[in-house]
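Colleague: Could you take me through one part of this model closely? I would like to start from a single residue and work outward.

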Amino acid sequence: MNETQPVGIFNLHGVRYQMTDAARTAAFYTDHLGFRLEHQPLPAFASVLLGDFRLLLSGAGASGSRPMPGGKSQQPGGWNRVVLRVADLPARIDALKNAVVKFRNQMEAGPAGRQIQIEDPDGNPSELFEPAQYTANR
């Protein structure tokens, strides 16, 4: 009997967002959310890092943006999102409002903490989340 080894998943490589302008979108994440630029072969692609987390930004011409079988194009936006933990959500909201970042909603609070959704220049969402442990003293 010839058994084959299953293909392994070694690690999380990153999360891919579709975008239209790699330089503009990478600047959004580095200037406003604390990411650092890892790789930027313009104009089609950029990757940014936050600690060990990698966000892959793919635009027209990038292999990660090619149409799906059947011709359906990949578009920015949607409702799945990266969730970034913060320690003082109201202060982050104020700083981002001053930087004219687009918000999808108002701050929401629940038993696990507080959160708000923002958009990058292409409409891809990110959620800023402050766990309840940080909000207990506020």
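Modeller: Let us start with Leu 55. Setting aside neighbours within four places in sequence, Leu 55 is in contact with Val 15, Tyr 17, Tyr 29, Phe 35, Ala 46, Ser 47, Val 48 and Val 82. Keep in mind that this is a predicted model.

Now place those contacts. Leu 55 lies in strand S4, which spans 53-58. Strand S4 belongs to an open sheet of four strands. The order across the sheet is S1-S4-S3-S2, and the pairing is mixed. Strand S1 (15-18) and strand S2 (36-39) are the edge strands, each pairing on one side only. On average, neighbouring strands of this sheet are turned by 30° against each other, direction ignored.

Look at the S2 edge next. Strand S2 and strand S3 (residues 45-50) run antiparallel, and three bridges join them. Take Arg 36 as an example: its bridge partner in S3 is Leu 49.

A helix comes into the picture here. Helix H1, residues 22-33, lies across S1, S2, S3 and S4. The helix runs at about 10° to S3.

What do the helix and the sheet share? Part of the answer is the largest nonpolar core, which has 23 residues. Tyr 29, Leu 33, Leu 55, Leu 57 and Leu 128 touch the most other members. So our starting residue, Leu 55, is one of those five. At least two residues of this core come from each of H1, S3, S4, strand S5 (82-85), helix H2 (89-98) and strand S8 (113-119). Helix H1 gives the most, with five residues. There is a general pattern to remember: in soluble globular proteins, nonpolar side chains tend to be buried together.

Now zoom in on the rings. The structure holds three aromatic pairs. One of them joins Phe 28 and Tyr 29. Their centres are 5.1 Å apart, with 85° between the planes, and the pair is edge-to-face. Are these two residues buried or exposed? Phe 28 has a relative accessible area of 8%, so Phe 28 is buried. Tyr 29 is buried too, because its relative accessible area is 0%. The cut-off for buried is under 20%.

Another pair is formed by Phe 35 and Phe 53. Their ring centres lie 6.2 Å apart and their planes are at 65°, so this pair is edge-to-face. The pair links distant parts of the chain. Phe 35 sits in the loop between H1 and S2, while Phe 53 is in strand S4, 18 residues apart. Phe 35 is buried, because its relative accessible area is 4%. Ring pairs link Phe 28, Tyr 29, Phe 35 and Phe 53 into a cluster. Two of these rings, Tyr 29 and Phe 35, are also contacts of Leu 55.

One last stop is a charged residue, Glu 130. Glu 130 is in strand S9, residues 125-131. Its relative accessibility is 0%, so Glu 130 counts as buried. What does its side chain reach? A polar contact of 2.8 Å joins the side chains of Glu 130 and Arg 114. The side chain of Glu 130 also reaches the backbone nitrogen of Leu 89, at 3.1 Å.

Methods: Residues numbered from 1 in each chain as written. Predicted model: local features only at pLDDT ≥ 70, side-chain atom pairs only at ≥ 80, totals over all residues. Heavy atoms only, no water. Buried < 20%, exposed > 50% of the residue type's maximum accessible area, 1.4 Å probe, protein only. Polar contact = N/O pair within 3.5 Å; in protein donor to acceptor, adjacent residues only side chain to side chain. Pairing = 2+ DSSP bridges. Axes fitted to C-alpha atoms, helices over the stretch in contact; angles between N-to-C directions. Contact = heavy atoms within 4.5 Å. Core = buried A, V, L, I, M, F, W, Y, C linked by side-chain atoms within 4.5 Å. Phe/Tyr/Trp six-rings, centres within 6.5 Å; stacked < 30°, edge-to-face > 60°.
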